[in-house]
Amino acid sequence: HSMHHCSMSLGNIYLNQNKLDEAKRYFTLALKSERPRTLAGAYHYLYLLEKRQKKYAMALYFKEKSDSLLSVDLDAKQASQILTLQRKYEKGKLLLEKQQVEHEKKIQFYFGMVIVLFIILLFFFFFFLRKRYKEMFRKNMQVIKENECMIKRYVYELDVLKQKAGETAETNREKVGKLNQKILLLESENKKIRENVCVNGVYLL
C-alpha cells in the first residue's frame, strides 16, 4: 500500500517536472494496487498526463476509470456506514427488548407478591374472625347455660308457689306473673343468642 503511494508521489514529481515518460512508468506501477482509492488516484494522474499530451480520448478513458473507482469506493463506504447503523439499530432493539422483558418480569414478580400478601392477610383475617367467633360462641353458650339454670330455678319457684298454701290468691298471682315474665325474657334472650350464633357460623363457613 505505501509502495503504491510512493509510486504515485514520484510520478507526480516527474509530472510536475514535465518528465512524462517517467511519470507514466510510476503511475502504471501504482495500478498494481488492489485498493480502489489508490487505483482511482493512479488513473486520475494518468488522466492529467494524457490531457497534458493532448491525447483526449485516452484522457477521457482514464477519467471515467478514476470516477468509476471513486464511485465504487464511495458505495462501499456508504454500504459500510449503513451496515454499521443497522448493527447499532439491531443492538439497540435487542437491548430495548431485553429491558422490556426484564420490566415485565418485575411487574409479574411484584404482582405475584401482592397476591401472596393478600392471601396471607386474608388467611390471618379469617383466622382472627374464626377465633373471635369461637370466643363469642363460648360466651353465648355460657349465657344460655346460665339462663337455663335461672329458668329452671324460676320454674321450681312457680311449682312451690302453686303448692304453697296459706297465702292469698292475689299475692300468688303477682309472684307467678313476675316469674313467668322473667322466664319469657330469658327464653327470648336464649332464642336470639342461638339465632345470632347460627348466622355468624354460616357467615364464617
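The paragraphs below go through the cores, the salt bridges and one surface patch of this structure. The model is a predicted one.

The interior comes first. In soluble globular proteins, nonpolar side chains tend to be buried together. Here the largest nonpolar core has 13 residues, and Leu15, Phe27 and Leu49 have the most contacts inside it. Helices α2, α3 and α4 each supply at least two residues of this core, and the largest share, 6 residues, comes from α3. Leaving aside residues up to four places away in sequence, Leu49 touches Leu15, Leu20, Ala23, Lys24 and Phe27. Apart from the core just described lies another one, of 7 residues, which include Ile151, Tyr154, Leu179 and Leu186.

Lys24, one of the residues touched by Leu49, also takes part in a charged pair. Side chains of opposite charge can pair when their charged atoms come close. The structure holds 5 salt bridges, and one of them joins the side chains of Lys24 and Glu50, with an N to O distance of 3.6 Å. Lys24 lies in helix α2, residues 20-30, and Glu50 in helix α3, residues 36-52, so this salt bridge ties together parts that are 26 residues apart in sequence. How accessible are the two partners? Lys24 has a relative accessible area of 36% and is therefore partly exposed. Glu50 has a relative accessibility of 2%, so Glu50 counts as buried; the limit for that class is under 20%.

A second salt bridge links Glu148 and Arg194, whose closest N and O atoms are 2.9 Å apart. Glu148 belongs to helix α4 and Arg194 to helix α5, residues 169-204, so the pair ties together parts that are 46 residues apart in sequence. Glu148 is partly exposed because its relative accessibility is 35%, and Arg194 is partly exposed at 38%.

Asn147 is also found in helix α4. At 8% relative accessibility, Asn147 counts as buried. Which residues does Asn147 touch, not counting residues up to four places away in sequence? They are Leu186, Glu189 and Asn190. Of these contacts of Asn147, Leu186 is also listed among the residues of the 7-residue core.

The salt bridge between Arg138 and Glu135 has its closest N and O atoms 2.7 Å apart. What separates Arg138 and Glu135 along helix α4? The two are 3 residues apart in this helix, which means a separation of about one helical turn. Arg138 is partly exposed at 49% relative accessibility, and Glu135 is partly exposed at 35%.

The last feature is on the surface. Val116, Leu117, Ile120, Phe123, Phe124 and Phe127 make a nonpolar surface patch of about 610 Å². Ile120, one of these residues, has its place in helix α4, which covers residues 56-163. Its relative accessibility is 40%, so Ile120 counts as partly exposed. A patch residue needs over 30% relative accessible area, and the value of 40% for Ile120 fits that cut-off.

Notes. Residues are numbered from 1 along each chain as its sequence is written. This is a predicted model: local features need pLDDT of at least 70, side-chain atom pairs count only at pLDDT 80 or more; totals for chains, interfaces and linings use all residues. Side-chain values use heavy atoms; hydrogens and water are left out. Patches are made of residues with over 30% relative accessible area and no salt bridge: like charges are joined within 9 Å, nonpolar side chains (Val, Leu, Ile, Met, Phe, Trp, Tyr) within 5 Å. Accessible areas come from the Shrake-Rupley method with a 1.4 Å probe; for residues, only the protein chains shown count as cover. A salt bridge is a side-chain nitrogen of Lys or Arg within 4 Å of a carboxyl oxygen of Asp or Glu. Helices (H or I, at least four residues) and strands (E, at least two) are DSSP runs, numbered from the N terminus. Buried means under 20% relative accessible area, exposed over 50%, partly exposed in between (1.4 Å probe, protein chains only). Contact means heavy atoms within 4.5 Å. A nonpolar core is a set of buried Ala, Val, Leu, Ile, Met, Phe, Trp, Tyr and Cys residues joined through side-chain atoms within 4.5 Å.
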